[in-house]
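Thanks for coming, everyone. Please have a look at the structure on the screen, and then I'll walk you through it.

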Amino acid sequence: MVFDDLRQFIKFLKDNNDLAEVNEKVDPILEAAEITDRVVKMSGPALLFNNMAGCSIPYLTNIYGTEKRMLNALGVNDYSEITGRIENFLKPPEKMGIIDKMTQVPKLFELSRAFPETGDKLKAPCKEIILKDDECDLGVFPVIKCWPDDGGKFITLPVVITKNPITGVQNCGMYRMQVFSKNTTGMHWHKHKDGAYIAAIFKENGNLKVPVSVALGADPAVTFAAAAPLPQGIDEMIFAGFLRNKPVKLVKSELSDIKVPAEAEIILEGYVDLEELALEGPFGDHTGFYSEADNYPVFHVKCITMRKNPIYLSTIVGVPPMEDFYMGKAIERIFLPLLKMQCPEIIDISFPRAGVFHNLALVKIKKSYHGQPQKIFNYFWGQNQLMFTKNIVVFDENTDIHNSEEALFMMLANVDFKRDVSVMDGPLDVLDHASAVFCYGAKVGIDATFKDGQPGCRKWPKVAKMHQNIKKIVDEKWDKYQIKL
């Protein structure tokens, strides 16, 4: 099912008993976060707080907080429905005769549905209310403080939209925004992020005020797309349209030519002043630790547009599992075909939740030559957001990398930690507090594959496993054994 807006998804969750409405008064300072943390870790429902202290606007959270709900948000029953479409697009035609060209027409038609729908005549629910200049007050929204030592209240699920002044291509990113005053926030775009890259282009061209529009409460596919690690220059709205198999409706911002999701709940418009930095943070981050306070540019809100009776969408991050874990797992599954296309020996990948995505990647490959795991290390460390992967462990095709016990068993059994460990220095995630130097340090690759026949290795033993036909016989006769467990 495709959701045109957040409200359709809320109705779907209600109809499927996957939304809990809280009518008791809840304080946005810490109390809402504590409730959410407990519910997420119990794999509980999405939460709609209808009575946030000091605010009349409802607060929605945890909409991606289980695998089932994450799949529902993307309108599928299994990620293979999306990866299958991606693999179909990536598959080149065997021939290019007229008949073969005609077979590509359905692909092109499907792709055309991914491109955003724009136009002055589009209905724009996000503009039912328009506030400008002194009317703008972020205090009307139930922005929460998540953790005790946070520097303040943070907007945590924004779709931050900027536009490359040279190419004209828009970018959507998800950068937390600490509320400083009624009409200013921080803009926490790291130096490695596309938002900061676009800001640098503005600065190089002598423009120190970067137009920015921020969508809050877009439909679930659009919000998810803003967090996806797309290659630079790829418009996230096209990706969202592909996920939905239906165009995202976009309308022009009030103050700039940036186009925003027409059916979002709230749009914040203004500019980021590159000459004005403010201390932002600390913040209890997705690593489970507080990220330190640092100076970031200030976003000035000059216009707020929104629906009548808007709903404020947000999330909390912290010690996993949190809602972002399920978003990350969706990214892992959806982007696997692209990794396999560029590196065909890759069979599967897994980012265990304890590794908070950038600390550990498990990779299963079809190994055919000595040195292949080392190729995988270098491939990962040369790819966009994958370059931040701190530890990579490569396994043979017979290891279930999604079974942490089996993966650990195979690694400990197959690794000589002097011979099979590669270490190199390079860029690390800004949030990596263990590195000796900010954003830079050691990364480790571990070859946990079988080494039979490799130079300097002894004969490798086989894993002791039962024949499949015997397992099948025992499965079929199990009840007859009358073994009580």
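I'll cover the cores, two helices, the salt bridges and a surface patch.

One caution before we start. This is a predicted model.

Let's begin inside. The largest nonpolar core has 59 residues. Those with the most contacts within that core are Leu60, Met70, Leu74, Phe224, Phe239 and Ile334. Which helix gives the most to this core? Helix 10 does, with seven residues.

Take phenylalanine 224. Leaving aside residues up to four places away in sequence, Phe224 touches Tyr64, Met70, Leu74, Phe239 and Leu243. Phe224 also touches Met327, Ala330, Ile331 and Ile334. There is a second core, separate from that one, with 43 residues. Among its members are Met52, Val212, Val214 and Ile316.

Now two helices. First, helix 12, residues 404-414. Ala407, Met410, Met411 and Asn414 are buried there. How do they sit around the axis? Looking down the axis of helix 12, the buried residues fall within an arc of 100°, so they line one face. Glu405, Phe409 and Leu412 are exposed, on the face turned away from the buried side. What covers the buried residues of helix 12? The cover includes strand 20, strand 21 and strand 23, the last of these being residues 440-447.

Next, helix 7, residues 194-204. Its buried residues are Asp194, Gly195, Ala196, Ile198, Ala199, Ile201 and Phe202. Strands feature in the cover here too. It includes strand 7 (159-163), strand 8 (170-173), strand 11 (209-216) and strand 14 (266-280). After helix 7 comes glycine 206, with a positive phi near 80°.

On to charges. How many salt bridges does the structure hold? There are 24.

Back to helix 10, residues 323-342. Glutamate 332 forms a salt bridge with lysine 329, and their closest N and O atoms are 2.8 Å apart. Why is the spacing in sequence worth a look? Lysine 329 and glutamate 332 are three residues apart in helix 10, so about one helical turn separates them. An α-helix has 3.6 residues a turn, so residues three or four places apart point the same way. Glutamate 332 also forms a salt bridge with arginine 333, with the closest N and O atoms 3.0 Å apart. Are these partners buried or exposed? Lysine 329 and glutamate 332 are both buried. Arginine 333 is buried as well.

Another pair has a different setting. Lysine 366 forms a salt bridge with glutamate 397, the closest N and O atoms being 3.4 Å apart. This pair links distant parts of the chain, 31 residues apart. Lysine 366 is in the loop between strand 20 (361-365) and helix 11 (372-381). Glutamate 397 is in the loop between strand 21 (391-395) and helix 12. Glutamate 397 has a relative accessible area of 42%, so it counts as partly exposed. Elsewhere, salt bridges with shared partners join Asp5, Arg7, Glu265 and Arg307 into one network.

Last stop, the surface. Which residues form a nonpolar patch there? Trp478, Tyr481, Ile483 and Leu485 do, with about 470 Å² of accessible area together. Trp478 lies in helix 13, residues 468-481. The relative accessible area of Trp478 is 38%, so this tryptophan is partly exposed.

That's the tour. I'm happy to take questions.

Conventions. Residues numbered from 1 in each chain as written. Predicted model: local features only at pLDDT ≥ 70, side-chain atom pairs only at ≥ 80, totals over all residues. Heavy atoms only, no water. Patch = residues over 30% accessible without salt bridge, like charges linked within 9 Å, V, L, I, M, F, W, Y side chains within 5 Å. Areas by Shrake-Rupley, 256 points an atom, 1.4 Å probe, with all protein chains shown as cover. Salt bridge = Lys/Arg side-chain N within 4 Å of Asp/Glu carboxyl O. Helix = DSSP H or I, 4+ residues; strand = E, 2+ residues; numbered from the N terminus. Buried < 20%, exposed > 50% of the residue type's maximum accessible area, 1.4 Å probe, protein only. Core = buried A, V, L, I, M, F, W, Y, C linked by side-chain atoms within 4.5 Å. Contact = heavy atoms within 4.5 Å. Arc of directions from axis to C-beta.
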